[in-house]
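I opened this notebook to record what I looked up in a single chain. The entries go from the surface of the whole chain to one element and its partners.

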Amino acid sequence: MNRAQISVGLMIVLWLCAASAWGEDANTLVLDWTAHAIPGAQLVAAPDGAPSVRVASTSPNGITQLLATIEHPVVSQPGDALVGRIRHQGVVGDGYLEMWSHFSDGGRYFSRTLGQGRMAALRGDADWREFELPFFLQGASPPSKIELNLVLPGEGEVWLGPTRLVPVQSAAAGSRTAD
């Protein structure tokens, strides 16, 4: 099986999981790490027993790892956010999670954890903490697809725990950055 076939298979499986994994709130999607294999990642349990994935880079050149693709997400104004738990160890440089929002007109915009607090970069070592990747629609139609990537500029290990796509609660300062 070639890389393109694996990617298409992964997107189909994740789309099917997304279609059946909406939480109690109709606007909350729980990403199920047990439902699909992520090439190069290992399924592990977080300290609370929740399914998590571990991704490691042993290359000084780093990696960009596609973690999830959500086709036709349910997103309402003012926007959405991927939220969850993360920990990392030995990350060289500023690693980050990135959420790409793809639109039917061909536009692509991203949010990255390169800020502070819940949007802090992945650097060195950190125990389990909350993360947030918000995206504000700013009046635009919802995206047709959302992708979640892990970017490590060098060596390091990252554990990603339970992750949810949720509505943004307020239209606090947020911006779109074009590709």
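Entry 1, surface. I took the exposed area of the chain, which comes to about 8,800 Å², with 52% of it supplied by carbon and sulfur atoms. I note that the model is a predicted one. I then looked up burial and found that 45% of the 179 residues of the chain count as buried.

Entry 2, layout. I listed the secondary structure and obtained one helix and 10 strands. Along the sequence I read the pattern α-β-β-β-β-β-β-β-β-β-β. I also checked contacts between residues at least 6 apart in sequence, and 77% of these join residues at least 24 apart.

Entry 3, strand 8. How many residues of strand 8 are buried? I found that eight of its eight residues, 145-152, are buried, and I record the strand as mostly covered. I next asked which way its side chains point. In a regular strand the side chains alternate between the two faces of the sheet. In strand 8, I found Lys 145, Glu 147, Asn 149 and Val 151 pointing one way, and Ile 146, Leu 148, Leu 150 and Leu 152 pointing the other way. I note that residues of both sets are buried, the charged-type names Lys 145 and Glu 147 among them.

Entry 4, partners of strand 8. I looked up strand 4 (residues 63-71) and found it antiparallel to strand 8, joined by eight bridges. Here Ile 70 stands opposite Ile 146. I then turned to strand 5 (residues 79-102), which pairs with strand 8 over seven bridges, also in the antiparallel sense. In this pairing I located Trp 100 opposite Glu 147.

Conventions
Residues are numbered from 1 along each chain as its sequence is written. This is a predicted model: local features need pLDDT of at least 70, side-chain atom pairs count only at pLDDT 80 or more; totals for chains, interfaces and linings use all residues. Side-chain values use heavy atoms; hydrogens and water are left out. Helices (H or I, at least four residues) and strands (E, at least two) are DSSP runs, numbered from the N terminus. Buried means under 20% relative accessible area, exposed over 50%, partly exposed in between (1.4 Å probe, protein chains only). Contact means heavy atoms within 4.5 Å. Accessible areas come from the Shrake-Rupley method with a 1.4 Å probe; for residues, only the protein chains shown count as cover. Two strands pair if DSSP finds at least two bridges between them.
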